[in-house]
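Here is my note on the model you sent round, written with the aromatic contacts and the internal spaces in mind. Please read it with the structure open.

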Amino acid sequence: MKCKFNSLVIAVAATLAAGSALAQSTVSVEGLVDMSAGSIKYSGDKAKTLAVNSGGMTTSWLGFKGVEDLGNGMKVDFALTSFLRADTGESGRFSGDTLFSRDANVGISGSFGKVSLGRNLSPNFLPVVIFNPFGDSFNFSPLVLHTWVPNGNFAARTWVNSSAGDSGWSNEIIYTTPNYNGLSANFHYQAGEKAGQTGVNNVGMNVLYFNGPLALTAYYHQVQVGNPTPGAIVDATSSPINYASINYQKSYFVGGSYDLNVAKLFATYSNTKDDSSTTAAMTDKTYSLGAKVPAAGGNILLAYADTKRTGSLVGADLSRDTFSGGYDYDLSKRTDVYAVVMSDKINTADRANSVAVGIRHKF
């Protein structure tokens, strides 16, 4: 009897193994931990903060990803990944952030391209983070700071982010075209999910082109829905200026980079227009320049962004310029260390300076 039972177990195991091999499914646990320490002050802050922070160069995250090969060039993939604050062990980018605010999606791909559903990237995420030398640094990249990160706290913000709708959209459908000689496009639609208001939604697209040393991009979006959960598209109700009255945003962006081998150069321009009950309530025009220079086994990073803000809601014109310089050194394929200095200036506040060092590990 024992022999028959063992034979049955072996047969079932062999069948499962054969099925797994046929489907070629893989599921992995992946993530990134990025920690930095330094003296941090953004323009408008009351004082410097000596801080040990999570996510200096990349927001720390943890999650699950998987892919199944269906054959004939078709695949199904999924991602469930969560941001985390490694300095305190808390989940999310901030208090109240959703569990899987980084990714919660499933998609199918083939010769037709790819379709994914769930929480995923906004149309401006890839153009912004690929076309600046500090990548997706929400602490030190001037372009990222101007685009998504408000200065101050929720009670008294001195500068509200230019881009509405967050860097990720919920309830989203994305269609990605096949790659045509380095050219591809992504079409984004986020349902507003408001009964009787099918016209309230987010839509956008981006185009990416890579050909040798040259890379180009552009995006356009129309935002009416807040993220990661429904709400005001610009969450700043208690700011000195009631930006939360903004209910519609249109934005376009163009950017490019060129790799000269001795240095990779970056340049971008964006125009963001917000409307409320007052026409042209706020308009931001932002340009950025940057360079990544190989040096001593690492890269010197230099980046600058300048934003001019006008409109009836703003009142007196506002402006902000931010410069960051840093050095990033790879200890291995998965681990790097970095040092950054940053200077930030809003025209209504004093210039503020920051300095930090950090380590980033991918797994």
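The points below take the aromatic pairs, then the charges over rings, then the cavities.

1. Please keep in mind throughout that this is a predicted model. Within it, 7 aromatic pairs are found, and among them is the pair of Phe131 and Phe210, which is stacked, with 6.5 Å from centre to centre and 20 degrees between the planes. Phe131 belongs to the loop between α2 (125–130) and α3 (142–148), whereas Phe210 belongs to strand β12 (residues 201–211), so the pair ties together parts that are 79 residues apart in sequence.

2. The two partners of that pair are not equally accessible: Phe131 has 1% relative accessibility and therefore counts as buried, while Phe210, with a relative accessible area of 41%, is partly exposed.

3. Another aromatic pair, that of Tyr252 and Tyr269, is tilted, with the centres 6.4 Å apart and 55 degrees between the planes. Because Tyr252 lies in strand β14 (residues 248–259) and Tyr269 in strand β15 (residues 264–275), this pair ties together parts that are 17 residues apart in sequence. Both rings belong to partly exposed residues, since the relative accessible area is 38% for Tyr252 and 30% for Tyr269.

4. Some aromatic residues are also worth viewing in other settings. Phe125, Phe138 and Trp148 form one aromatic cluster. The charged end of Arg102 is placed over the ring of Trp61, 3.8 Å from the ring's centre, and Arg309 lies over the face of Trp159, at 3.9 Å from the ring centre.

5. Turning to internal space, the model holds 2 cavities of 30 Å³ or more, and the largest encloses about 70 Å³. Its lining includes Val128, His146, Tyr219, Phe253 and Thr286; α3 and β15 are the elements that give two or more residues to this lining, and the largest share, 3 residues, comes from α3. By class, 4 of the lining residues are nonpolar and 7 are polar, with no charged residues.

6. The second largest cavity holds about 40 Å³ of space, and Phe131, the buried partner of the stacked pair, is one of its lining residues, along with others including Asn132, Phe266 and Tyr304. At least two lining residues each come from α3, β16 (282–295) and β17 (298–310), with β16 giving the most, 3 residues. The lining of this second largest cavity has 8 nonpolar and 4 polar residues, and again no charged residues.

Methods: Residues numbered from 1 in each chain as written. Predicted model: local features only at pLDDT ≥ 70, side-chain atom pairs only at ≥ 80, totals over all residues. Heavy atoms only, no water. Phe/Tyr/Trp six-rings, centres within 6.5 Å; stacked < 30°, edge-to-face > 60°. Helix = DSSP H or I, 4+ residues; strand = E, 2+ residues; numbered from the N terminus. Buried < 20%, exposed > 50% of the residue type's maximum accessible area, 1.4 Å probe, protein only. Lys NZ or Arg CZ within 6 Å of the ring centre and 35° of its normal. 1 Å grid on protein atoms, 1.4 Å probe; cavity = no way out; pocket = protein on both sides within 12 Å on 5 of 7 lines; lining within 4 Å. Points joined across faces, edges and corners; volume = space filled by probe spheres on them. Nonpolar A, V, L, I, M, F, W, Y, C, P; charged D, E, K, R; others polar.
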